[in-house]
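Hi,

Here is the structure I said I would pass on. Have a look at it first, and my notes on what turned up follow below.

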Amino acid sequence: MAPPSAATSAAARLAAVDEDGQRKEPFEVSKVPPRILKKLFGFSLMMLVMPLVTLYVVRFAVEAASGEDGMTYGAVAAVVMVQVVMGGYIYAAFQEDDHDPQYGESKRD
C-alpha cells in the first residue's frame, strides 16, 4: 500500500468510522453554533483573568490589613475562583436550549 500523499486532505485523515462501520463526516467548526463558541470564549477568558485578579487583590488586601505575606490567602482565593468559573460554565451549559434547527441539533431525551 502506498503511503498517504501530502495532497491527502486533513478532513480525510480526520474522518472516523462509527460502530456500524460507516464513515462519519469529520468535525467541522462551522457546524458549531456561534452562541456556543462565544460562551466558550467568554468563560475561557474569565478562567484566565478572574483567578489572576483575585490572587493579587486578596494578596494586597491581606498585606495592607495585617502586614503579613498574603500570597497563600491569594492563592487559595484564586483556586476558589477557578471553581466558581467552572461551576458557572457548567450551570450555563445546562441552562441553554439544546434545540437549534439551523444546526441540526435536537433536544435531549
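Going along the sequence, the protein reads as α-α-α. In other words, there are three helices and zero strands. Keep in mind that this is a predicted model, so everything below is computed from predicted coordinates.

Some overall numbers to begin with. The protein has 109 residues, and 16% of them count as buried. Its accessible surface comes to about 8500 Å², with 65% of that belonging to carbon and sulfur atoms. On the contact side, take the contacts in the protein with a separation of 6 or more: residues 24 or more positions apart account for 46% of them.

Now the charged pairs. How many salt bridges does the structure hold? The count is three, and Glu 96 takes part in the two I'll describe before the other one.

Arg 35 and Glu 96 meet through their side chains in a salt bridge, at 3.9 Å from N to O. This pair links distant parts of the chain: Arg 35 sits in helix H2 (residues 34–66), while Glu 96 is in the segment after helix H3 (71–95), 61 residues apart. With the cut-off for a salt bridge set at within 4 Å, the 3.9 Å of this pair still counts.

Glu 96 also forms a salt bridge with Lys 39, and here the closest N and O atoms are 2.6 Å apart. Again the pair links distant parts of the chain, with Glu 96 in the segment after H3 and Lys 39 in helix H2, 57 residues apart.

Are these side chains buried or exposed, then? Neither, by the cut-offs: partly exposed covers what falls between under 20% (buried) and over 50% (exposed). Arg 35 is partly exposed because its relative accessibility is 34%. Glu 96 comes out at 21%, so it is partly exposed too, and Lys 39 gets the label partly exposed with a relative accessible area of 21%.

The remaining salt bridge pairs Glu 63 with Arg 59, the closest N and O atoms being 3.3 Å apart. Why are these two separated by about one helical turn? Because they are four residues apart in helix H2. Glu 63 is partly exposed, its relative accessible area being 25%, and Arg 59 is partly exposed at 21%. As for how the bridges connect, Arg 35, Lys 39 and Glu 96 are joined into one network by salt bridges that share partners.

Next, the nonpolar side of things. Phe 41, Leu 45, Leu 48, Val 49, Leu 52, Val 53, Tyr 56, Val 57 and Phe 60 make a nonpolar surface patch of about 880 Å². One of these, Val 53, lies in helix H2. Val 53 has 46% relative accessibility, so it counts as partly exposed.

Thr 54 is worth a look as well. Thr 54 also has its place in helix H2, but at 14% relative accessibility it counts as buried, because buried means under 20%. Which residues does Thr 54 touch, not counting those up to four places away in sequence? They are Ala 77, Ala 78 and Met 81.

If you open the model, you could start with Glu 96 and its two partners, Arg 35 and Lys 39, and then go on to Val 53 in the nonpolar patch.

Cheers

Note on methods: Residues numbered from 1 in each chain as written. Predicted model: local features only at pLDDT ≥ 70, side-chain atom pairs only at ≥ 80, totals over all residues. Heavy atoms only, no water. Buried < 20%, exposed > 50% of the residue type's maximum accessible area, 1.4 Å probe, protein only. Contact = heavy atoms within 4.5 Å. Areas by Shrake-Rupley, 256 points an atom, 1.4 Å probe, with all protein chains shown as cover. Patch = residues over 30% accessible without salt bridge, like charges linked within 9 Å, V, L, I, M, F, W, Y side chains within 5 Å.
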